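Let's take a friendly walk through this structure, pair by pair. Have the sequence and the 3D view ready, and follow along at your own pace.

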Amino acid sequence: MAYAIKRGKSKTIARKIRHQRVRKRVNGTPERPRLVVTRSNRHMVAQVIDDTIGHTLCSASTLEEAVKGVEGHKVGAARKVGELVAERAKALGIEAVVFDRGGNKYHGRVAAVAEGAREGGLKL
């Protein structure tokens, strides 16, 4: 999935190019799966993926009932998503993950998911 670099490219295409660049190096293994963060304007989704078999092991999202009504609006909800995905990963016996920010800046809600996962006991 190669994107042509052209003048005046959109933010979405630029993010996808950055994500491709990150994915060249970041790979999930059974011992250390990949924690992927997907960010939209309203919601955050975090998934723990084993790339060797191509399966999502566990996930958490701001669309779940456990996250709705969290104080701190979007950043607080993102932190709660990180804590939930860490709790679910620990239940599966996963101690450490590789963090994949999905081409987004490590700032704001993306960083909040990572901090929540760390607080939940995952090693990033």
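**Salt bridges and a buried threonine**

Glu115 and Arg79 form a salt bridge, with their closest N and O atoms 2.7 Å apart. Glu115 sits in helix H3 (residues 109–119) and Arg79 in helix H2, so this pair ties together parts that are 36 residues apart in sequence. Keep in mind as you look that this is a predicted model.

How accessible are these two partners? Glu115 is partly exposed, with a relative accessible area of 32%, and Arg79 is partly exposed too, at 27%. Because the range for partly exposed runs between 20% and 50%, both values fall in that class.

Stay with Arg79 for a moment, as its side chain also meets that of Glu119 in a salt bridge (2.7 Å, N to O). This pair, too, links distant parts of the chain: Glu119 is in helix H3 and Arg79 in helix H2, 40 residues apart. Glu119 has a relative accessibility of 52% and therefore counts as exposed, since the cut-off for that class is over 50%.

Now turn to another pair. The side chains of Arg34 and Asp51 meet in a salt bridge of 2.8 Å, N to O. Here again distant parts of the chain are linked: Arg34 belongs to strand S1 (residues 34–39), while Asp51 is in the loop between strand S2 (44–50) and S3, 17 residues apart. Is each partner buried or exposed, or something in between? Arg34 counts as buried, at 7% relative accessibility, whereas Asp51 is partly exposed, with a relative accessible area of 21%. The cut-off for buried is under 20%, so Asp51 falls outside that class.

This pair also belongs to a network of salt bridges, in which Arg23, Arg34, Asp51 and Asp100 are linked. Altogether, the structure holds 7 salt bridges.

For a last stop, where is Thr62 found? Look in the loop between strand S3 (55–61) and helix H2 (73–91). Thr62 has a relative accessible area of 10%, so it is buried. Its side chain is joined to that of His43 by a polar contact of 2.8 Å. Setting aside neighbours within four places in sequence, Thr62 is in contact with Arg42, His43, Met44, Val67, Lys68, Ala77 and Val81. His43 thus appears both in that list and as the partner in the polar contact.

Note on methods:
Residues are numbered from 1 along each chain as its sequence is written. This is a predicted model: local features need pLDDT of at least 70, side-chain atom pairs count only at pLDDT 80 or more; totals for chains, interfaces and linings use all residues. Side-chain values use heavy atoms; hydrogens and water are left out. Helices (H or I, at least four residues) and strands (E, at least two) are DSSP runs, numbered from the N terminus. Buried means under 20% relative accessible area, exposed over 50%, partly exposed in between (1.4 Å probe, protein chains only). A polar contact is a pair of N or O atoms within 3.5 Å; within protein, one must be able to donate a hydrogen and the other to accept it, and residues adjacent in sequence count only if both atoms are side-chain atoms. Contact means heavy atoms within 4.5 Å. A salt bridge is a side-chain nitrogen of Lys or Arg within 4 Å of a carboxyl oxygen of Asp or Glu.
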